[in-house]
Amino acid sequence: MLGFAMKSVTQMVMGSTFEDDQEVIHFQKNHGTVWSEIGKGFLDGSLDKSTTRKKQYEDALRQLESILKKIIKERKGGNFGQHIFIDSLVHGNLNDQQILEDSMIFSLASCVITAKLCTWAICFLTTSEEVQKKLYEEIDQVFGKDPITPEKIEQLRYCRQVLCETVRTAKLTPVSARLQDIEEKIDKFIIPRETLVLYALGVVLQDPSTWPSPHKFDPDRFDDESMMKTFSLLGFSGTQECPELRFAYMVTTVLLSVLVRRLHLLSVEGQLIETKYELVTSSKEEAWITVSKRY
């Protein structure tokens, strides 16, 4: 799933250069080094205590920046048929440093969020034949034997419910942070302007007072508009949704539309999937499934 996500993200952000698998593999190596330190080294302070790790991190970051700078320069001076993410930044009212930082953040986060959303969605589908059947029927009704198009993807309401419930049940992003724009008072506490506020999303997403049977994977809960509104207020849909998650929803929808139309997704008997909570939630070990043909 990470390899699949890497190919999707790199081509969408940086264009046809990354149709070459060797370019993707090179990117993945540097990406892994940088992301692991963002998720751990900065949080626990261990990066600054290891000269070797810090050098590896800085070298990998430098190589990623070099790739992005090269592509940004090319896209500024050329006329290309294919529109990519960097083009949107180049044509916006942004300076070179902003373009570099935005494309770097999107590239780093999108790979991991997309990979983990794909992984968890497939894992949860293997645990519920009823959900999988309902998803198959919707996909078959919307697409039939026709190709997947953006317009038809918008019609996949139940698929969206499956993905929202996947994010919630897996606690895909267990924590988020935002700088306080203005001074604000909550109860008797004053939060000064520019305070970094951490949101314990992993707790909120499984609060039983909001989500009945919070540990149950139940996409039907999002058939209720009030639940979808609650979800959107947390930044998982609507205007507040982060671009990396929006992209992950689209890629995962395409993946499921292909897989579920052709295959039954089945669990591996006796497999216990333990969870690892970092910036993006993952399984501690590789998660496996089995499949059988639908036709």
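These are my notebook entries from a look through this predicted model.

**Entry 1: the whole protein**

I started with the overall fold. I counted 11 helices and eight strands in the protein. Its C-alpha trace spans about 55 × 50 × 40 Å along the principal axes. Next I checked the radius of gyration: a compact globule of 295 residues would have a value near 19 Å, and the protein has 20 Å, so the two agree. I also looked up burial, and buried residues make up 41% of the 295 residues. Then I turned to contacts with a separation of 6 or more, and found that 66% of them join residues 24 or more positions apart.

**Entry 2: the annotated coiled coil**

An unreviewed UniProt entry places a "coiled-coil region" at residues 47–74. I wanted to see what the model has there. Over residues 47–74 the chain is 86% helix and 0% strand. The C-alpha atoms at the two ends of this stretch are 34 Å apart.

**Entry 3: helix α5**

How far apart should the ends of α5 be, at 1.5 Å a residue? The helix has 31 residues, 96–126, so I expected a span of 45 Å, and its end C-alpha atoms are indeed 45 Å apart. I did find a kink of about 25 degrees in α5, centred on Ser110.

Is α5 mostly covered or mostly open? It is mostly covered, with 23 of its 31 residues buried.

I then zoomed in on the start of α5. There a side-chain oxygen of Asn95 comes to within 3.1 Å of the backbone nitrogen of Gln97.

**Entry 4: Thr166**

I picked Thr166 next, which sits in helix α8, residues 157–170. Its relative accessibility is 0%, so Thr166 counts as buried. What does Thr166 touch, leaving aside neighbours within four places in sequence? My list reads Leu117, Trp120, Ala121, Phe124, Lys171 and Phe217. Helix α5 covers residues 96–126, which takes me back to Entry 3 for Leu117, Trp120, Ala121 and Phe124 on that list. A reminder to myself about helices: with 3.6 residues a turn, residues three or four places apart point the same way.

**Entry 5: Cys242**

My last stop was Cys242, which carries the annotation "binding site" in an unreviewed UniProt entry. Where does Cys242 lie? I found Cys242 in the loop between α10 (225–233) and α11 (243–262). Its relative accessible area is 28%, and because partly exposed runs from 20% to 50%, Cys242 falls in that class.

Key: Residues are numbered from 1 along each chain as its sequence is written. This is a predicted model: local features need pLDDT of at least 70, side-chain atom pairs count only at pLDDT 80 or more; totals for chains, interfaces and linings use all residues. Side-chain values use heavy atoms; hydrogens and water are left out. UniProt positions are given in the numbering used here, feature names are shortened, and annotations may be inferred rather than shown by experiment. Helices (H or I, at least four residues) and strands (E, at least two) are DSSP runs, numbered from the N terminus. The expected span of a helix is 1.5 Å times one less than its number of residues. The bend at a residue is the angle between axes fitted to the seven residues ending there and the seven starting there. Buried means under 20% relative accessible area, exposed over 50%, partly exposed in between (1.4 Å probe, protein chains only). A polar contact is a pair of N or O atoms within 3.5 Å; within protein, one must be able to donate a hydrogen and the other to accept it, and residues adjacent in sequence count only if both atoms are side-chain atoms. The radius of gyration is taken over C-alpha atoms; the globule rule is 2.2 Å times the number of residues to the power 0.38. Contact means heavy atoms within 4.5 Å.
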